[in-house]
Amino acid sequence: MSAISLKTRRLELRSPEPDDLERCAELLGDYEVVKMLSRVPYPYDLEAGKTYLARSVERWRDAATADELGFHIDHDGQMIGAIGFKTLQETPKIGYWLGRSYWGNGFMSEAVKAAVTWLFQNTAHDLLAGEAMIENSGSLKVLEKLGFRRVAQIDCESVSRGSFVPALRTEVTRTEFLNGH
């Protein structure tokens, strides 16, 4: 599987492309976005971004054995954010981000619902975890809206802040998600 595309009412979730680097740099150059993410540095590192995008493209070529897969989110033909699944060979964890000018429009709820539906329909996983920093109420609302339950308070690393930040771990089962959404 080398390229994938999921369509929702307003969005397209697609496999990443090397040409996305400039848009990633633009959207992830905003500290208000990056401070809520665990693995993205601030300021955005173009070389690291280029390497990450190349690996993301390659992972889709070997999707069945990949430990991580990601989608870029397009609205009206323009990339506005991303969703990823990591630790796919264990209990997968979902992570996501959205450019700040797109916050508050329901885009992320729509995108996460499509991505989680895809995961449960195309893998044997019965459980999906999500983590969000406690101060990230928008992200926590997305998870709760889609049936994720809060299961623990944890510490989440924030590369951009250079520290650990209090976060909540959430989980949803295949049955809960597919029966509720």
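What share of the 181 residues in the protein chain is buried? Buried residues make up 49% of them. Keep that figure in mind as you go through the views below, all of which come from a predicted model.

**Figure 1. The whole chain, with its 6 helices and 8 strands.** Followed along the sequence, the elements come in the pattern β-β-α-α-α-β-β-β-α-β-α-β-β-α. The radius of gyration is 15 Å, close to the 16 Å that the globule rule gives for 181 residues, so the protein chain is as compact as a globular protein of that length. Along the principal axes, the C-alpha atoms fill a box of roughly 40 × 35 × 30 Å. If you take the contacts between residues at least 6 apart in sequence, 60% of them join residues at least 24 apart.

**Figure 2. The surface and charges of the protein chain.** About 9,100 Å² of the protein chain is exposed, and carbon and sulfur atoms supply 49% of that area. The side chains include 22 positive and 26 negative ones. The centres of these two sets lie 5 Å apart.

**Figure 3. Strand S6 and its pairing with S5 and S8.** Here you can pick out strand S6, residues 127-133, which is mostly covered, with 5 of its 7 residues buried. Strand S5 (residues 93-98) runs parallel to S6, and 2 bridges join the two. To find this pairing, look for Lys93, which stands opposite Ala129 in S6. S6 also pairs with S8, this time antiparallel, through 7 bridges. A handy marker for that pairing is Met133, which stands opposite Ala167 in S8.

**Figure 4. The hairpin formed by S7 and S8.** Strand S7 covers residues 149-158 and strand S8 covers residues 163-173. The two run antiparallel and are joined by 9 bridges. Two of the pairs are good landmarks: Ser158 has Ser163 in S8 as its bridge partner, and Asp155 is partnered by Pro166 in S8. Between the strands are 4 residues, and Gly162 in the turn has a positive phi of about 70°.

**Figure 5. Thr170 and its surroundings in strand S8.** Is Thr170 buried or exposed? Thr170 counts as buried because its relative accessibility is 1%, which falls under the 20% cut-off. Setting aside neighbours within four places in sequence, Thr170 is in contact with Leu128, Ala129, Gly130, Leu143, Phe148, Arg149, Arg150 and Val151. One of these partners, Ala129, is also the residue in S6 that Lys93 stands opposite.

**Figure 6. Leu6 in strand S1, residues 5-7.** Leu6 counts as buried, at 16% relative accessibility. Beyond its neighbours within four places in sequence, Leu6 is in contact with Leu11, Glu12, Leu13, Phe71, Ala114, Ala115 and Trp118. From Leu6 to Glu26 there are 20 residues in sequence and 24 Å in space, C-alpha to C-alpha.

**Figure 7. Helix H3 and the loop that leads to it from H2.** Which peptide bond here is cis? It is the bond joining Tyr42 and Pro43, where omega is about 0°. For comparison, most peptide bonds are trans. Pro43 lies in the loop between helix H2 (31-34) and H3. Further along, Ser56 sits in helix H3, which spans residues 46-61. Ser56 is buried, with a relative accessibility of 7%. The C-alpha atoms of Ser56 and Pro18 are separated by 8.9 Å, with the two residues 38 apart along the chain.

**Figure 8. Two positive phi values, at Asp76 and Thr87.** Most residues other than glycine have a negative phi. In Asp76, however, phi is positive, near 50°. Asp76 lies in the loop between strand S3 (68-75) and strand S4 (78-86). Thr87 is not a glycine either, and has a positive phi of about 50°. Its loop is the one between S4 and S5. Which of the two is exposed, and which is buried? Asp76 is exposed because its relative accessible area is 70%, over the 50% cut-off. Thr87 is buried, with a relative accessible area of 19%, under the 20% cut-off.

Definitions and conventions
Residues numbered from 1 in each chain as written. Predicted model: local features only at pLDDT ≥ 70, side-chain atom pairs only at ≥ 80, totals over all residues. Heavy atoms only, no water. Rg over C-alpha atoms; globule rule 2.2 N^0.38 Å. Buried < 20%, exposed > 50% of the residue type's maximum accessible area, 1.4 Å probe, protein only. Contact = heavy atoms within 4.5 Å. Areas by Shrake-Rupley, 256 points an atom, 1.4 Å probe, with all protein chains shown as cover. Lys, Arg positive; Asp, Glu negative; His and termini not counted. Charge placed at Lys NZ, Arg CZ, Asp CG, Glu CD. Pairing = 2+ DSSP bridges.
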